[in-house]
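Q: I should like to learn how to read individual features of a protein model. Could we work through one together?

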Amino acid sequence: MLSANLGFPRIGKDRELKKAVESYWSGATSEAQLLEVAAHLRAEHWRLQLAAGIDSIPSNDFSLYDQMLDMSVALGVIPPRFATLDVTHLQRYFLMARGQAPGVQLPHEIKALEMTKWFDTNYHYLTPEFEPNQTFTPDATKPLAELREAQALGIATRPVVIGPVTYLSLGKLRSATGDRLDLLDALLPAYVELLRQISTAGATWVQIDEPILATDLSDKQRESLVAAYRTIAAELPQLNVMLATYFGPLAENLSLAANLSTAGLHVDLVRGKEDAASLVDVIPAGKVVSLGLVEGRNIWRTNAIAALAFAQPLVDQLGADRVQIAPSCSLLHAPVDLDAETDLDDELKSWLAFGKQKLAEVKLIATAILGPDDATRAALEANRQAMISRQTSERVISPQVQGRVAFVDEHMQRRRSSFPQRRSVQQASLGLPAFPTTTIGSFPQTAEIRQARAKRRKGELSHETYVATMQAQIREVIAFQEEVGLDLLVHGEPERNDMVEYFGESLAGFAITRNGWVQSYGSRCVKPPIIYGDVSRPRPMTVEWIEFAQSCSTKPVKGMLTGPVTILCWSFVRDDQPRSETARQIALAIRDEVEDLEKAGVRVIQIDEPALREGLPLRKRDWNAYLEWAGDSFRLASSVVADETQIHTHMCYCEFNDIIEAIAGLDADVISIETSRSDMELLDAFVDFRYPNEIGPGVFDIHSPQAPTSESMFRLLTKAAEVLNPSQIWVNPDCGLKTRKWEEVRPALTNMVKAAEAARQSL
Ligand code: GLN
Ligand code: ZN
């Protein structure tokens, strides 16, 4: 039985790629040095897959920044503002990615391609930009180079490209009218030429990814898929295409996918388990089927015996020679190597598998399915023991937590009074002016702050010194806000490395890895905590810091928490209970913290939910169920307080049109959102839907080092006041200030307060 892989993480086990790319950007190293590290990583990863016994090893899954950007380059989709520049190939590549490149000085700013989330993962890709009369010019340099590089190492690979319909569907047409799918006719010859060159260079199979098949498809998308693969098959009869789908069940698209003119079909049987039932019926005779049995997006060890039992009937019916065993999707979304986790205990480690370990699982299943030998039997037995240990461990199940969850009822998820009633009590007790000013929470994370946290982690700083250092920071941040004249203060979050990991470190049921990094975008990696057991809060997590901050001022200081949905979305979650159940447990833990903050005299508590929107399922039909439990979790976490206590929430993005009712349903007293970058246009959602509570549409973009003028912010407030009732409006930046410098923050907030004063005068 053949084993296959769909893609390997490219960052390297010690984030070598991140370091090499950033060092190149900074000018410290040359292009040649960067390319050498990249080649080294590819070779290492190919050898690793070969050593794991994987038969079909991918190439062109590597990227210096992003595979969608690579695809745009391979198809000649280079917007004119980049195409016309006199720069090197690599400089252009990074200009498209980030609007800057080493050695390039442009007279004016150049806008990078837009970045968007890759389906429902935390990976972000660069959006292709199509001109109205976009043409496509194939450039096979990268796939060919990687194919040959592997060949030179004696490794035959299956090159990966993103499929034409997914590629077009994820792109953006730079004109108000028209349909990007209409570009298919122009695009296909470029694809065919690209694939022809790959085939001529010796690839017998290619993997073409069409994850769009796991979403709700329009008729036009379906027709495009049929047309695209018919053309590719007709033009390149000698090339075998493994059409790869992943991230969810194909469901009503299964028959379509199965009948596209390709030699093979890969299905995600972890998230799309239900597809297995009709797979054999719809698959045409002779087509190769790749069974995605090992979860590519999470960190749990596969239950090998269960996977075998699940796959056996499929293999029996299809015939072993037509089946490949694979991960559910590319391993891009998994950390690289569990062996590096020297701090995790052996029991927990025995429940986990990262990228490298997942390859071994794929191989184990592929080997065992045809009748195990002794070594395989031993590996299966070890796997079985690990499964039993996880299922029965007291670390996983907590009767107290389960008992508490069972007693959650409606009234725990509702504030005591309606918003208008709460509002008048809060106004009386907080005494804030109209157009109250505040910030989203974090202040610049200076080198001093980061060093103090790092030293503490390494045990080089005593608890007392650490606390004193952080308190000094907090005192400064408070003094600064008073000086600038902000109305509602924050402590600045100096003690937090990351808004999810910080809470993961304190909550029971969570484990933090040392090196479990996953690429988020470009050189940016995230290290999600692992939720392995029932979640509870052994002790207060933030109270002392907030109490201290409040003691420094007579103005109200906000308590700052991360919400249950965001903690869930940005962690590796359990696969042995529904996400909604885990969210509810986290909500109860946050609720405890909210209660303690209130007891400590904190009058305003902000519970950030920037990930609420991105948690939306791929299929529209699943949205309502998600929004219901996500909303319940937020309300469960926040509704414990008295009417006087003001609950804030914050969300970064504001594409709210389709979920605005659910957002309003959270019933936060105040929500702050990102709007400045869209010139308040994102508030359009609020025209038809009268948002009932208070709202702070961000008045400046925290991503830009440029300090906004008070006039520009006043103008945005004027725009906001056209859509909202002025008495609803708060004045705040788009997001937290932790990536900014103090010299940027000072003028920005000074001007913001001026803008609020002007608004009080005239709006
Ligand atoms: N309170 C967090 C901060 O200010 C919110 C960050 C976020 O929305 N991603 O940094
Ligand atoms: Zn934000």
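The dialogue below takes up annotations, the ligand shell, helix packing and backbone angles in turn.

Q: What kind of model is this?
A: The model is predicted.

Q: Which residues does UniProt annotate as "binding site"?
A: An unreviewed UniProt entry gives that annotation to I440, G441, S442, E493 and D608. These residues are spread over 169 residues of sequence, yet they cluster in space, the largest C-alpha distance being 12.9 Å.

Q: Where is I440 placed, and is I440 buried or exposed?
A: Burial is judged by counting C-beta atoms around a residue, and 20 or more others within 10 Å make a residue buried. I440 has 26 other C-beta atoms within 10 Å and is therefore buried. In the chain, I440 belongs to the loop between helix 17 (419–430) and helix 18 (447–457).

Q: Which residues surround ligand 1?
A: The shell consists of I440, G441, S442, M499, M560, D608, P610, H650, C652, C735, G736 and K738. Of the "binding site" residues in the UniProt record, I440, G441, S442 and D608 are listed in this shell.

Q: How does the shell around ligand 1 divide by residue character?
A: The division is six nonpolar, four polar and two charged residues.

Q: How should one read the backbone of E493, and what is its phi value?
A: The sign of phi is the point to note, together with the residue type. Phi of E493 is near 60 degrees, which is positive although the residue is not glycine. E493 sits in the loop between helix 19 and helix 20 (501–506). E493 counts as buried because 24 C-beta neighbours lie inside 10 Å.

Q: What is phi of F119, and where does F119 lie?
A: F119, also a residue other than glycine, has a positive phi near 50 degrees. Its place is the loop between strand 3 (115–117) and strand 4 (124–126). F119 has 18 C-beta neighbours inside 10 Å, so this residue counts as partly exposed.

Q: Where does UniProt place the feature "active site"?
A: The unreviewed entry places the feature at H703. H703 is found in the loop between strand 21 (694–697) and helix 27 (710–723).

Q: Why is H703 classed as partly exposed?
A: The class in between applies when the count is above 12 but does not reach 20. H703 has 13 other C-beta atoms within 10 Å, and is therefore partly exposed.

Q: At what angle do helix 19 and helix 21 cross?
A: Two helices are compared through their axes, by distance and by angle. The axes of helix 19 (residues 463–484) and helix 21 (residues 543–551) come within 9 Å and cross at roughly 45 degrees. Helix 19 is therefore oblique to helix 21. The crossing is right-handed.

Q: How do helix 23 and helix 24 pack?
A: The axes of helix 23 (residues 579–599) and helix 24 (residues 623–638) are 7 Å apart, at an angle of about 20 degrees. Helix 23 is therefore roughly parallel to helix 24, since angles under 35 degrees fall in that class. Their crossing is right-handed.

Q: Where is V467, and how far is its C-alpha atom from that of L331?
A: V467 is part of helix 19. With 16 other C-beta atoms within 10 Å, V467 is partly exposed. The C-alpha atoms of V467 and L331 are separated by 40 Å, the two residues being 136 residues apart along the chain.

Notes: Residues numbered from 1 in each chain as written. Chains lettered and ligands numbered in written order. Predicted model: local features only at pLDDT ≥ 70, side-chain atom pairs only at ≥ 80, totals over all residues. UniProt positions renumbered as here; feature names shortened; annotations may be inferred. Helix = DSSP H or I, 4+ residues; strand = E, 2+ residues; numbered from the N terminus. Near = placed C-beta within 6 Å. Nonpolar A, V, L, I, M, F, W, Y, C, P; charged D, E, K, R; others polar. Axes fitted to C-alpha atoms, helices over the stretch in contact; angles between N-to-C directions. Parallel < 35°, antiparallel > 145°, perpendicular 65-115°, else oblique. Left-handed = near helix turned anticlockwise from the far one by under 90°.
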